[in-house]
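Here is a quick walk through some strands and helices in this model. Have the sequence and the 3D view open as you read.

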Amino acid sequence: MRGHRDLRWVCLAAIVAALVAALVPWEVVRLLAALPLAVFLPGYAITAAAFGSQRLDPQRLAMLVLLCGLSLLCLGGLVLNYLPGGLRTVTWALLLVLAVFAAARGAAVRRGKPDGRGSGWTRPRLRGFDVACVALAAAVTAGALVFAYTPLPASKAVGSTALWMLPAEDAATSAVDVGVISAEQGPQRYRLEVQVGEEGPLRRYRLALDPGEERVFEVPLEIPSGKKARVVASLYDSERPHELYRRVTTWTTGSPPGEG
Amino acid sequence: MSSRDSRAPGRRQRLLATGPSPLALIVLGAAVGLLLCAYANALSREGGDPTQLVYWAGVLLVVVPIAARIGMEDVSLRERFALAALFALSLYAIKVIRDPFLFTFPDEPIHAYNANQAMLHHGLFNGNPILPVTSGYPGLASATSALMSLTGMSSFGAGVILIGLARLLLVLALFVLFTRVSGSHRLAGLAVVIYAGSSNFLYWGVQYSYESLSLPLLVAVLAALAEREAAGPRLARSWAAPIVLGTMAVVVTHHLTSYALVIVLALLAVIYRLVRSPKPNPWPFAVFAAVLAAGWLLVAAPNTVDYLSPVLSGAVTSIWNTIFGASKARGLFQSPSSAVVYETPFLARLITLAAVGLLLLGYLAGFREAWGRRAKRPFVVLFCLGGAAFFATLALRLAPEAWETGNRAGMYLFIGLAFVVAHAVLRLMRAGPRLLLRRAALLACIAVVVVGGAIAGWPWDSQLAQPTRITAGGTELESEPITLARWIGERLPGGKFAAADADARMILAPGEARAKTGDALAIKTILPETSLSNWELPSLRGNGLGYIVADRRKVATDPGRGSFFYVPGSEGDALLPRAAMRKFGERRLGRTYDSGNIVVFDLRDRP
């Protein structure tokens, strides 16, 4: 690739981008490296390999870079799917770097000796007013995106409270986890009642939840071994304490002592 | 010329030389347009009652200045190209602004699930419980997984970037294609803007879905083919490489697009022969695409036949029945979902119908001029045929089972239509008397075509965002179905669910669990009925499902609307009778989760 400055830069950029994408923990930095590595660098290298010493105008070059880059991404997964390791950060990075190197090498061979001609691309002249306008446009666009990505209050939207029950995962004895999730618009107070079997004791819990908060209770089950019982968890809203608000149930069989 | 007249252009020249360039001002205008769209969407998400005028003003602020500038005579190729790119990205940003938090369009969670599964299993072809055919076309999942792996982003973030690049490719490829075929970059710019009048351009065509990636690839392959035709023998070989690469990518990404590519290439081969074109006939590419598409169908995605045959045969039957009166014609501007009845305002209907009328006029006016180029450019014949076929597909919108086929075909056929109509627009923009007035009228017509297309392609009540995530008490809250999906992702990730359309999609992504819906296992029937037949629950259990998600909201059957917050008084606030939920309790199934409108029953938890 000696003498082909663009191809050398493309290969160098691919290596740097692959290292950044694989090693840096910050998403934004990785994105800045990953986009060229995934689309633009392979697209450019493949286009260069296809066209050799022929010069393309910026319009056709831009289209071909996107076409080849996106096509490689669609097809690359198929290649990795049948290789050891599959689709992972390292394998994708390796595949793309290899694709860039192979295509750049092919381009260098097809181009032959450098002819000393420039790229033919002239940088557009920017005037102060233009820069100011584009900077202002960027600021307005950023504002629009921040505005869009900021959740807003919605007074008419109805919030919800969820009650759930699942077998406790880490309990030493037989137990269920009963959870209450508040997605209500304001703080809520609840009464939770859990009954194990028809004659079992009634356990009562009082709780207050802020919007977005969740509480989980581990409720031990004392069911005779081999006997099946229904566990019923009922939730009452403190504003309507006698009206059932949510209910979950499960059937569970008592296990021998020691088998929690 | 009077002295006053001679001074005026001089002052104008000086102003133009010292002030910002038109391109910079247009960039600023597009940014302000986006801000207006963001404002209208924010008001809508807030649950207010925003006038859609603000939103449409934002859209027009993007479209009209670009259309005005791109159609001017003394604009360089480079500037027109930049305008086309700006046009693509600005209109795409409107969709991103509408759905900034997660995928809510009907097909998006299905494909997000495929991408998430590719990441989870480090491989492709993992199956999809709602749309199994998508798993056989892993191009989109492959590309998304690359971005996810390399950036650490979610499928949502990676998908938004990927579809943005695809949209950019679509518009740039259209520009290159139209420039090559017409020989005029001015006409190409106008045709690109007119293409935005396709009913799927603003929203459907940029959802995170396999067709949103494959269509731009197809157009880029056609552009490369047109370039190859114009190139000398040495360069022609160079163009073959991107054509082959693009064709392969289309075949592994989307079934219908790959068949459309085969048809287009075969048609081109025939046209080349008929017009006795001296240019190289593209038949080898048609054969290559056909062999590849057929091979892929047989080897990797044999279930495509099961997926497509009911859709296509249903469309044919529906057309037949509608023509011969066996079934009622579908009303225009109606939701395909029975859960939501919305009203499209009279003015919006008028604009849509006017857009179709203007396109027809434009086609008739531009046809002669475009057709005149057919001997030199066989692509012109294809475009003229495509434009005529577009109007034929409009009739399909009247057949209940065929409207979607017609709507989807429109995305492809509109390419030809835009090309022909641009000839008419360019003719009317040529120098002559009342040029300014003609230009203003044409810009108004282009605005009507773009807005009318957007209204035709997306329900009126869904043009603006609905709340999926809100703030309350300084905390972010998500809607009931999304809260359920996240709970499932955290607590029951290995669960298999039967659910209504919208809930099932949320369970797939962001829930990342498996869910079946719709006609599969009669779930569509079981959920709303008020009593159960004896075979229904055993059938669900027998097919490996562990849970059934009962949702009282009728809108839950609408995949485009069912994931939002419940807003009483809105179009989608109707509820199923309580008996629809009680019927599961009567079978004494365990109730695992209860959030009021949504209850999850455990199919294996019983006495």
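## Strand pairing in a predicted model

Before getting to the strands: two of them pair if DSSP finds at least two bridges between them. Keep in mind that this is a predicted model.

With that in hand, take strand β6 of chain A, residues 228-237, which runs antiparallel to β7(A) and is joined to it by nine bridges. The two make a hairpin, with six residues between β6(A) and β7(A). You can pick up the register at A:Lys228, which stands opposite A:Thr253 of β7(A), and then at A:Ala229, which faces A:Thr252.

## The four-stranded sheet

That hairpin belongs to an open sheet of four strands in chain A, ordered β4-β3-β6-β7 and paired antiparallel. Its edges are β4 (202-209) and β7, each of which pairs on one side only. On average, and ignoring direction, neighbouring strands of the sheet are turned by 15° against each other.

Is the edge strand β7(A) mostly covered or mostly uncovered? Mostly covered: β7(A) spans residues 244-253, and seven of its 10 residues are buried.

## A strand buried along its whole length

Strand β2 of chain A (residues 175-183) has nine of nine residues buried, so the rest of the structure largely encloses it. Both faces take part. A:Ala175, A:Asp177, A:Gly179, A:Ile181 and A:Ala183 point one way, A:Val176, A:Val178, A:Val180 and A:Ser182 point the other, and all are buried.

β2(A) also has partners to look at. Strand β1 of chain A (residues 160-167) pairs with β2(A) over eight bridges in the antiparallel sense, and A:Trp164 has A:Gly179 as its bridge partner there. Strand β5 of chain A (residues 214-220) is antiparallel to β2(A) too, this time over seven bridges. In that pairing, A:Val176 is matched with A:Val219.

## Two helices packing in chain B

Over in chain B, helix α9 (residues 210-230) packs against helix α11 (residues 255-274) at about 20°, with the axes 9 Å apart. Angles under 35 degrees count as roughly parallel, so α9(B) is roughly parallel to α11(B). The crossing of α9(B) past α11(B) is right-handed.

The contact draws on a string of residues in each helix: among them B:Leu215, B:Leu218, B:Leu222 and B:Leu225 from α9(B), and B:Leu261, B:Val264, B:Leu265 and B:Leu268 from α11(B). By class, this contact has 12 nonpolar, three polar and two charged residues.

## A helix pair across the chains

Which helices of chains A and B come within 10 Å of each other, axis to axis? Helix α3 of chain A (residues 58-81) and helix α4 of chain B (residues 77-98) do, crossing at roughly 30°. α3(A) and α4(B) are therefore roughly parallel as well.

Here A:Pro58, A:Gln59 and A:Ala62 of α3(A) meet B:Leu77, B:Arg78 and B:Phe81 of α4(B). Four of the residues in this contact are nonpolar, one is polar and one is charged.

## A buried phenylalanine

Last stop: B:Phe383, in helix α15 of chain B (residues 378-394). B:Phe383 is buried, at a relative accessible area of 3%.

Leaving out residues up to four places away in sequence, B:Phe383 touches B:Leu177, B:Phe178 and B:Val181, along with B:Ile415, B:Gly416, B:Leu417, B:Phe419 and B:Val420. From B:Phe383 to B:Trp371 is 12 residues in sequence and 9.3 Å in space, C-alpha to C-alpha.

Note on methods. Residues numbered from 1 in each chain as written. Chains lettered and ligands numbered in written order. Predicted model: local features only at pLDDT ≥ 70, side-chain atom pairs only at ≥ 80, totals over all residues. Heavy atoms only, no water. Buried < 20%, exposed > 50% of the residue type's maximum accessible area, 1.4 Å probe, protein only. Axes fitted to C-alpha atoms, helices over the stretch in contact; angles between N-to-C directions. Parallel < 35°, antiparallel > 145°, perpendicular 65-115°, else oblique. Left-handed = near helix turned anticlockwise from the far one by under 90°. Contact = heavy atoms within 4.5 Å. Nonpolar A, V, L, I, M, F, W, Y, C, P; charged D, E, K, R; others polar.
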